[in-house]
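Happy to look at this one with you. Let's take some labels that a structure report uses and ask what earns each of them.

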Amino acid sequence: MTETLLRGRDYRTLEPIELYLREGTLAEVRSLSEPDSDLILAPGLVDLQVNGFQGVDFNHFPFSEQDVLHATQALWQQGVTSFMPTVITAQPEEIAQALQRLASACEHYSDVALAVPAFHLEGPFLSSEDGPRGAHPREAICAPDIALFERWQHAAQQRIGLLTLSPEWPQSCELIRHCVAQQVRVAIGHTSATAAQIHDAVLAGASLSTHLGNGAHLQLPRHPNYIWQQLAEDALAATLIADGDHLPAEVLKVFLRAKGEQALLVSDVTRFAGQPPGIYDSAIGGRVQLSAQGRLSMADAPQLLAGSARGLLDGVNFLLRQKLAPLQQAIEMASIRPAQQLDLPQQQGLAPGAPADVLLLKPQPDGSVSLVACIKQGKKVWQAAST
């Protein structure tokens with residue numbers, strides 16, 4: 001029997017606690033009278049949008065099952081204990097190949113299967129307009145097609161759990177209803193849809209906005225526009241990229257106030273996380289530029305971003321440093337709330353019976369936190385060398 005005892009401060013209250021982990025489950029949470037450590041205990045992070053990581057690109061085929069394992073273990077070093085590999089717009093056969101390889105990695109590596117609850121298909125049913133299209137290749141954009149989606153779902157061994165589309169297509173609502181009937185969540189993103197089209201998509205079952213405020217025109221009508229409409233739709237939760245580049249702090253502040261507990265973080269991270277600055281060829285955006293500050297943009301249109309090179313914990317820390325959210329809220333926006341979107345057991349957080357996905361965090365002088373150790377289902381999968 002595998003048993004572990006962790007002591008530190010509860011991320012919600014900063015009161016001293018100890019966690020008793022047994023057989024991959026958080027068996028007990030006990031209060032302590034005196035602090036045993038100044039480390040903070042928090043639930044593992046859950047990222048719904050990971051295009052790749054540390055040199056591995058889920059959108060540049062061929063990649064190997066070993067590559068998926070490498071990305072999974074590298075994400076653990078960033079505190080991300082669960083994530084959705086994200087496959088974006090490409091030609092139909094390329095999408096099928098990527099989904100097949102991801103499914104095969106889940107079959108052959110237990111670490112991948114533990115960390116990957118489902119896949120995110122972002123496209124190709126998106127807007128073809130410049131701006132909303134973002135870095136997605138125009139030539140592969142197409143109208144929603146149930147048969148095509150089912151072909152990809154078969155390739156993924158029924159592991160597609162989230163589909164991002166634009167409801168501007170006449171066929172959108174039919175596909176949304178089809179997905180929802182199969183317990184696949186549908187998100188609105190990369191869209192130039194009208195307010196009425198967005199509302200119809202919500203009535204059909206769309207329940208999420210993908211990286212709200214990004215994948216948009218550089219200039220919009222004052223009102224109405226598709227950002228306001230998604231903010232106003234109470235049935236839509238919203239994922240936000242808080243890397244400091246995708247959304248200014250002031251915009252994040254307004255979005256957080258509008259969405260409340262329905263706001264959550266994603267990273268939209270790509271293989272360029274951890275890479276040196278420079279110009280790269282990428283399946284996402286073609287030629288892209290990674291700045292010394294970590295901003296990833298299209299090389300021929302630097303005003304347009306091409307995903308992110310910063311992980312989910314960076315988003316948590318941006319909220320903390322900018323004082324946009326207190327510690328509990330910032331962490332839960334990147335852990336419990338994303339898990340709720342997929343109805344994962346991780347949504348229980350630090351509660352008895354929850355999976356033992358736990359982070360040990362060290363508070364920093366600027367208000368942020370650094371990762372000291374990462375535990376996945378009761379097993380320590382990473383620890384800082386200096387600890």
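What follows is a set of questions and answers about this predicted model.

Q: How is the chain divided into domains, and how far apart are the domain centres?
A: Domain 1 takes in 3-41 + 363-383, and domain 2 is 42-350. The centres of the two domains, taken over C-alpha atoms, are separated by 29 Å.

Q: What makes residues of domain 1 and domain 2 count as being in contact, and how many do?
A: The test is heavy atoms within 4.5 Å. By that test, 19 residues of domain 1 touch 22 residues of domain 2.

Q: What is the area buried between domain 1 and domain 2, and which atoms give 66% of it?
A: About 1800 Å² is buried between domain 1 and domain 2, with carbon and sulfur atoms giving the 66%. On the domain 1 side, Tyr11, Val369 and Lys376 supply 37% of the area buried against domain 2, more than any other three residues.

Q: What does the rule find across the interface in the way of salt bridges and polar contacts?
A: Zero salt bridges turn up between domain 1 and domain 2, while five residue pairs are in polar contact there. On the side of domain 1 that touches domain 2, strand 20 (369-376) gives the most, with five residues. The residues of that side split into 13 nonpolar, three polar and three charged.

Q: Why is the pair of aspartate 10 and arginine 12 called a salt bridge?
A: The side chains meet at 2.8 Å, N to O. The cut-off is 4 Å between a side-chain nitrogen of Lys or Arg and a carboxyl oxygen of Asp or Glu, so the pair qualifies.

Q: Are aspartate 10 and arginine 12 buried or exposed, and how do you know?
A: Aspartate 10 has a relative accessible area of 7%, which is under 20%, so it is buried. Arginine 12 has 32%, between the 20% and 50% limits, and is therefore partly exposed.

Q: How do you know that aspartate 57 and arginine 271 still pass as a salt bridge?
A: Their closest N and O atoms are 3.7 Å apart, and the limit is 4 Å, so the pair passes. Aspartate 57 sits in strand 7 and arginine 271 in the loop between strand 14 and strand 15, 214 residues apart. Both residues are buried.

Q: What makes arginine 310 buried and aspartate 245 partly exposed?
A: Arginine 310 has 18% relative accessibility, under the 20% limit, so it counts as buried. Aspartate 245, at 25%, lies between 20% and 50% and is therefore partly exposed. The two side chains meet in a salt bridge at 2.5 Å, N to O.

Q: Which peptide bonds are cis, and where are their prolines?
A: A cis bond joins phenylalanine 61 and proline 62, with omega about 10°; proline 62 is in the loop between strand 7 and helix 1. Another cis bond runs from histidine 223 to proline 224, with omega near 0°, and proline 224 is in the loop between strand 12 and helix 7.

Q: Why is a positive phi worth a remark in a residue that is not glycine?
A: Because most residues other than glycine have a negative phi. Histidine 211 has phi near 30°, and aspartate 343 has about 55°.

Q: Are histidine 211 and aspartate 343 buried or exposed?
A: Histidine 211, at 3%, falls under 20% and so is buried. Aspartate 343, at 61%, is over 50% and therefore exposed.

Note on methods. Residues numbered from 1 in each chain as written. Predicted model: local features only at pLDDT ≥ 70, side-chain atom pairs only at ≥ 80, totals over all residues. Heavy atoms only, no water. Domains from an automatic or database assignment. Buried area = accessible area lost by both parts, 1.4 Å probe. Polar contact = N/O pair within 3.5 Å; in protein donor to acceptor, adjacent residues only side chain to side chain. Helix = DSSP H or I, 4+ residues; strand = E, 2+ residues; numbered from the N terminus. Nonpolar A, V, L, I, M, F, W, Y, C, P; charged D, E, K, R; others polar. Buried < 20%, exposed > 50% of the residue type's maximum accessible area, 1.4 Å probe, protein only.
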